[in-house]
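Here are some exercises to work through with the structure open beside you. Try each task on your own before you read the solution.

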Amino acid sequence: MTSPTSSGPTTDPRTPPAGTTSPKRRGTELALLGFAVLITLAAQCIVDLTVTGSLRPELATFGIWFTALWVVAHVVVRRFAPYADPLLLPCVAMLVGLGLVMIHRLDIAGAQIGGGQTSQDAPVQLLWATIGLVLFVAVLLVVRDHRLLSRFAYTLALVGLVLLAIPALLPASISEVYGAKLWIRVAGFSIQPGEFAKICLIIFFAAYLVDKRDVLALASRRVLRLELPRGRDLGPVLLAWFASILVLVFERDLGSSLLLFGIFVVMLYVATERASWLVIGLILFAGGAFVAYKIFGHVRVRVDTWLDPFAYKNTGGYQIVQSLFGLGTGGLFGAGLGGGRPDQVPVAKSDFIASAIGEELGLFGLVAVIVIYLILVERGLRTSLVVRDGFGKLLAAGLAFAVAWQVFVVLGGVTGLLPLTGLTTPFLAYGGSSLVANFGLVALLVRISDAARRPATPAATPQPKLVDAPTEVVKP
Amino acid sequence: MNAPLRRVAISVLALFTLLILNVNYIQVVRSSALRDDPSNTRVLYEEYDRERGSIVIGGNPIALSEKTNDQLTYLRRYPHGPVYAPVTGAYSLVYGNSGLEKVENDVLSGSDPRLVVRRLGDLFTGRDPAGGNVSLTLDPAVQEAAMNALQGVTGAVVALNPKTGAILGLASTPTYDPGQLSSHDPAAIRAYRQSLVPTGGNADPLSNQALGERYSPGSVFKLVVAAAALESGNYTPTTTVPAPNTLRLGGSELHNYNGESCNGGADQALIDALTISCNTAFAQLGITLGESKVRTMAEAFGIDGSSGFDMPLHVVPSTIGDIADDAALGQSAIGQKDVQLTAMQAAMISAAIANKGTLMKPYLVDSVQAPDLTVIDQTDPKEMSRPVSANVAGELTQMMTSVVANGTGRKARIDGVQVAGKTGTAEVGTTGDGAPPHTWFTGFAPANDPQIAVAVFIKNGGKSGTEGTGTGGDISAPVAKQVIQAYLNAHGGG
């Protein structure tokens, strides 16, 4: 596996022979995008008709704007990443569209309760989606080859750590929301730098692990059928673990901590193929979690309310109990868009948007959303399987797993499977930084998938300079 | 790196499967438990979101929902609040529903199966599903007269149409304002409820004196004994019965009211014994008839101590209790001991006699209407029992007319209208020096063509002692008179 071979397209069974044209599938992407846009617009109409009985004039503007977003995205992909995976963008469009529908629906509910006092978050979210799209286009235009990113690995690591550390260093009045110090709140804007830090750090992890994986894969001895790494190689994983603990302590956020550490351990496992890293990671996490539970009040509260939310239904468990009520009331088919009371759940637009979907679209709607995430993630992992360079593999795997892990932790929290965390639901939830950052994340996946599916011509493959990452023979 | 990648892909699939299974568990298995959890305000909001049906009398609402700008869309209003509170009950966020708001909730909220066809229609026409209306048999004139007459006392009035069983009046005091219990402000609701909590042995306004409480009926029960005697075939109104000045019952002696003599100690015609409400005569008559005949007749009138009935508000059962021996039977025959009636039951006795011996089942809901006011269910009068023959009913009517014309019920007399009735003054406790007695009157009018049967109960309304101005005839009969007059005036009778 680790024996380097010269990069040659003919040795990779997944790559079509040079000269033949592989299908680009841009038409499929366009059709699916159209489908996603159609569903979004229909859902918007249903919300308005159910709640207010008439269609807003703004709906036309929204329809044109929203359609234009994906037309632009499609055209840019067609031009600059023609071989990109055709399912990534439609999945994102559907999730963003559904999120906008639910946020608009909650806007209306808020206006009704507030006695005419309107909070218009949906247009703001549309604006964020537009900014996200700008980032998407920018990434595709600037990063013509994902391998170039590895050159900036250590710069990105620094940027990531700084972004991660900023909220912890800022005074609580600027950085604290609902007890978690994850924010920068300036002049009415709330930015969660952790969302961008996540991507920077994944890029760094990928570059670093590709560089060091041979060393990290060295086994020293076998214990219980596990090949344990040498003691001195434990450094990086301990560092990541320590950084996660710092996040937990200083930003008081279980979610970000769990997210970063989980991504790192999984990428380490993929890079080294040593299951022992997973076990070590799990042990470290369990130990850290146990100590955190013992030491930190806020962690203990989270865990206790997770174990028995109904015992704290008027205090710490209020959110999760309301969320469960919403889901239970929604049942199989849901109350219908505009028919439920998703506004009963605090912060339904951001943290609990999934329970709003479960209440109004029912089990079927919520499972459909989970399946869309699953498709997005599995297409990302598939990209990782197919792409030929090690850095691209690790980066795609890291990005895809980041989405999967975040969705699992958030939806698990909202549905009572896991303790609640402060993470946001990618693409769906209200929140600018999360949306914009995830557009950037998808742009990277699109870029890598374009490289993965592009018919390889030796001339067109630039030699990686900094990272000596050879393409490898895929084991059957 | 592809082998671990595949494993990661499969793990992600497993994690998402776990999510989906958990969501299934919550939204399917635990769905109804979560939906019906008392802390789940969604069902409540949904209920308040829908226009709840009205409770109407002759087309005029006494309970209706009005749209507000509140979080709870519809507010329940009671235009005549306290007057109809014993019937409507309240629709309270804090204390739940009571009265008709509770028992007719399915119709009012729109979930009643009889409304389903229309609700399916609503689905297609896109209208908000609205609740059905409940139209009552009450007569506003009767209800208002009864509630007015009971002001300041704890008591009850029940008025029935003897021919159908339709309830014309259902009054209970002290009363309350259901609107204040049905507001959208939990703190105000709690404060109002707190202000209603009775002090010093007074009755709770939320308890229904006409349906939910039962009391010793005193001499009103003599009607049942008289009916048993006449129905036995051995007696007519003119048959003389022993009417001693005192009657030895076990270890104690029974006197007549104020120690008076009924007929100087001599035997007395049954009609006269009832007219002056002779205790010793009826105690002896009960003993002579035997427990079986008295109990059978009581049960035929509905006094069976079983489970009561719903009309649709629940009426607790009236009872004559266990009768151990003749002494107890004598006490029971004059409505003391363990005999306990609801005001509703007292009205039913008069109604059965007025309706030629046939007791019609009392009912309060005349019809159920769809939101568009079309009638979807009309109540048909139903026979409940036939305690006495038409002949005996006629004899009892004659005797009750005499009570009002010549006897203890004189204060129920109405010019130009023959009123039939029977008074009751029930001792409370073991001695006459305790709490004031309960006062009763039950009767009907006009005697020759009965249109309304009335029972009036006033708790501790009488006066103990010797003045003779605190009997059922003094306190309760005038109330019955006002109620009957109100009805006859409103309907051009009399």
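## Exercise 1: Two helices side by side

In this predicted model, A:Phe62, A:Trp65, A:Leu69, A:Val72, A:Ala73, A:Val76 and A:Phe80 from helix 2 of chain A meet a set of residues from helix 4 of chain A: A:Leu126, A:Ala129, A:Thr130, A:Leu133, A:Phe136, A:Val137, A:Leu140 and A:Leu141.

**Task.** Sort the residues in the contact of helix 2 with helix 4 of chain A by class, then work out how the two helices are oriented to each other.

**Solution.**
- Step 1: Go through the names and sort them. You should get 14 nonpolar residues, 1 polar residue and no charged ones.
- Step 2: Now look at the axes of helix 2 (residues 58–80) and helix 4 (residues 121–142) of chain A. They come within 10 Å and cross at roughly 10°.
- Step 3: Angles under 35 degrees count as roughly parallel, so helix 2 of chain A is roughly parallel to helix 4 of chain A.

## Exercise 2: A second helix pair

**Task.** Find which residues of helix 9 and helix 10 of chain A meet, and describe the crossing of these two helices.

**Solution.**
- Step 1: Start with the residues. Helix 9 of chain A brings A:Phe261, A:Val265, A:Leu268, A:Tyr269 and A:Thr272, and they meet A:Ala275, A:Trp277, A:Leu278, A:Gly281 and A:Phe285 of helix 10 of chain A.
- Step 2: Sort this contact by class, and you get 8 nonpolar, 2 polar and no charged residues.
- Step 3: Check the axes. Those of helix 9 and helix 10 (residues 275–295) of chain A come within 8 Å and cross at roughly 160°.
- Step 4: The cut-off for roughly antiparallel is over 145 degrees, therefore helix 9 and helix 10 of chain A are roughly antiparallel to each other.
- Step 5: Add the handedness: the crossing of helix 9 and helix 10 of chain A is right-handed.

## Exercise 3: Where the chains touch

**Task.** How many residues of each chain are in contact with the other chain, and which element of chain A gives the largest share of its side?

**Solution.**
- Step 1: Count on both sides. Chain A has 42 residues in contact with 31 residues of chain B.
- Step 2: List the elements of chain A that give two or more residues to its side: helix 9 (254–272), helix 12 (318–330), helix 13 (353–386) and helix 14 (390–414).
- Step 3: Pick out the largest share. That's helix 13 of chain A, with 12 residues.
- Step 4: Split the side of chain A that touches chain B by class. There are 24 nonpolar, 12 polar and 6 charged residues.

## Exercise 4: A sheet in chain B

**Task.** Trace the open sheet of 5 strands in chain B and find its edge strands.

**Solution.**
- Step 1: Write down the order, which is 8-7-21-20-19, with antiparallel pairing.
- Step 2: Look for strands that pair on one side only. These are strand 8 (167–173) and strand 19 (420–426) of chain B.
- Step 3: Follow the twist, which averages 5° from one strand to the next.
- Step 4: Zoom in on one pair. Strand 7 (residues 155–160) and strand 8 of chain B are joined antiparallel over 6 bridges, and B:Val158 stands opposite B:Leu170 in strand 8.
- Step 5: See what packs on the sheet. Helix 18 (residues 472–490) of chain B touches strand 7, strand 8, strand 19, strand 20 (438–445) and strand 21 (452–458) of chain B, and its direction makes about 35° with that of strand 20.

## Exercise 5: Two hairpins

**Task.** In chain B, compare the hairpin of strands 1 and 2 with the hairpin of strands 10 and 11.

**Solution.**
- Step 1: Take the pairing. Strand 1 (residues 55–57) and strand 2 (residues 60–67) of chain B run antiparallel with 3 bridges, while strand 10 (residues 246–249) and strand 11 (residues 252–255) of chain B pair antiparallel over 4 bridges.
- Step 2: Find a partner in each. B:Ile55 has B:Ala63 as its bridge partner, and B:Leu247 has B:Leu254.
- Step 3: Turn to the turns. Strands 1 and 2 of chain B have 2 residues between them, and B:Gly58 there has a positive phi of about 55°. Strands 10 and 11 of chain B have 2 residues between them too, with B:Gly250 at a positive phi of about 60°.

Notes
Residues numbered from 1 in each chain as written. Chains lettered and ligands numbered in written order. Predicted model: local features only at pLDDT ≥ 70, side-chain atom pairs only at ≥ 80, totals over all residues. Pairing = 2+ DSSP bridges. Axes fitted to C-alpha atoms, helices over the stretch in contact; angles between N-to-C directions. Contact = placed C-beta atoms within 7 Å. Nonpolar A, V, L, I, M, F, W, Y, C, P; charged D, E, K, R; others polar. Parallel < 35°, antiparallel > 145°, perpendicular 65-115°, else oblique. Left-handed = near helix turned anticlockwise from the far one by under 90°.
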